[in-house]
Amino acid sequence: MASHAESRPLGVFECELCTLTAPYSYVGQKPPNTQSMVLLEESYVMKDPFTSDKDRFLVLGSRCSLCSRLVCVGPENISAFPQEIRQDLEKRKVPSKRTPSQPGSRT
């Protein structure tokens, strides 16, 4: 049985670009309760507050590999990223709205 300590905040993450703050419960590359998930960078993580599924988590942010500042993953900071990364993110965008003809949608 997982302990409650895994979801207790270790501290408060604060983005040094936009001042977003959020409590984090883990710092590292392998969040608790994940078996095969390994993050590419050491990241600040919190349990997903929108689900009761203990395996779900949100990545808040990480240290910038260029300037070492704490930065969040929010879209408001996209202009601070190198052009190559911004282009890659644009390519990866997937429409989030479902059309009525897709399974699982409700009208």
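**Exercise 1. Decide whether Tyr24 is buried or exposed in this predicted model.**

Solution. The relative accessible area of Tyr24 is 15%. Since buried means under 20% relative accessible area, Tyr24 counts as buried. The residue belongs to strand β2 (residues 21-24), along which the side chains alternate, with Ala22 and Tyr24 pointing to one face and buried, and with Thr21 and Pro23 pointing to the other face and not buried.

**Exercise 2. Work out which rings pair with Tyr44, and classify each pair by the angle between the planes.**

Solution. The structure holds two aromatic pairs. In one of them, the ring centres of Phe13 and Tyr44 are 5.3 Å apart and the planes stand at 50 degrees, so this pair is tilted. Phe13 lies in strand β1 and Tyr44 in strand β4, 31 residues apart, and the pair thus links distant parts of the chain.

The rings of Tyr24 and Tyr44 have their centres 4.9 Å apart and their planes at 90 degrees; because planes over 60 degrees apart count as edge-to-face, that is the class of this pair. With Tyr24 in strand β2 and Tyr44 in strand β4, the pair ties together parts that are 20 residues apart in sequence.

Taken together, the ring pairs link Phe13, Tyr24 and Tyr44 into a cluster. As to accessibility, Tyr44 is buried, with a relative accessible area of 14%, and Phe13 is buried as well.

**Exercise 3. Identify the residues of the largest nonpolar core, and state which strands each supply at least two of them.**

Solution. The largest nonpolar core has nine residues, namely Phe13, Cys15, Ala22, Tyr24, Tyr44, Met46, Leu60, Leu70 and Cys72. Strands β2, β4 and β6 each supply at least two residues of this core. In soluble globular proteins, nonpolar side chains tend to be buried together.

The contacts of one core member, Leu60, can then be followed: leaving aside neighbours within four places in sequence, Leu60 is in contact with Phe13, Ala22, Pro23, Tyr24, Tyr44, Val45, Met46, Val71, Cys72 and Val73. Over the chain as a whole, buried residues make up 21% of the 107 residues.

**Exercise 4. Derive the strand order of the open sheet, and explain why β3 and β6 each have one side without a neighbour in the sheet.**

Solution. Four strands form the open sheet in the order β3-β4-β5-β6, and their pairing is antiparallel. Strands β3 (26-28) and β6 (70-72) stand at the edges with a single partner strand each, so one side of each is left without a neighbour in the sheet. From one strand to the next, the twist averages 30 degrees.

Within this order, strand β4 (residues 43-47) pairs with strand β5 (residues 57-63) in the antiparallel sense over five bridges, and the partner of Val45 in β5 is Val59.

**Exercise 5. Describe the hairpin of β1 and β2, and place Glu14 in its surroundings.**

Solution. Strands β1 and β2 pair in the antiparallel sense over four bridges, and Val12 stands opposite Pro23 in β2. The hairpin has six residues between the strands, and Thr19 takes a positive phi near 65 degrees.

Glu14 is found in strand β1 and is partly exposed, with a relative accessible area of 39%. Not counting residues up to four places away in sequence, Glu14 touches Thr19, Leu20, Thr21 and Leu70. Glu14 and Val71 are 57 residues apart in sequence, while their C-alpha atoms are 7.7 Å apart in space.

**Exercise 6. List the elements of the chain in order, and state where the confidence of the prediction is lowest and highest among them.**

Solution. The chain has one helix and six strands, which run β-β-β-β-β-β-α from the N terminus on. Among these elements, helix α1 (residues 83-92) has the lowest mean pLDDT, 75, whereas strand β1 (residues 11-14) has the highest, 95.

For the protein chain as a whole, the mean pLDDT is 79, and 80% of the residues reach 70 or more. Over residues 1-5, pLDDT stays under 50, and for this stretch the model has two contacts beyond four places in sequence. Finally, of the contacts in the chain with a separation of 6 or more, residues 24 or more positions apart account for 24%.

Definitions and conventions:
Residues are numbered from 1 along each chain as its sequence is written. Side-chain values use heavy atoms; hydrogens and water are left out. pLDDT is the predictor's confidence in each residue, from 0 to 100. Contact means heavy atoms within 4.5 Å. Two strands pair if DSSP finds at least two bridges between them. Axes are lines fitted to C-alpha atoms, for helices over the stretch in contact, and angles run from 0 to 180 degrees between N-to-C directions. Rings of Phe, Tyr and Trp (its six-membered ring) pair if their centres lie within 6.5 Å; planes under 30 degrees apart count as stacked, over 60 as edge-to-face and the rest as tilted. Buried means under 20% relative accessible area, exposed over 50%, partly exposed in between (1.4 Å probe, protein chains only). A nonpolar core is a set of buried Ala, Val, Leu, Ile, Met, Phe, Trp, Tyr and Cys residues joined through side-chain atoms within 4.5 Å.
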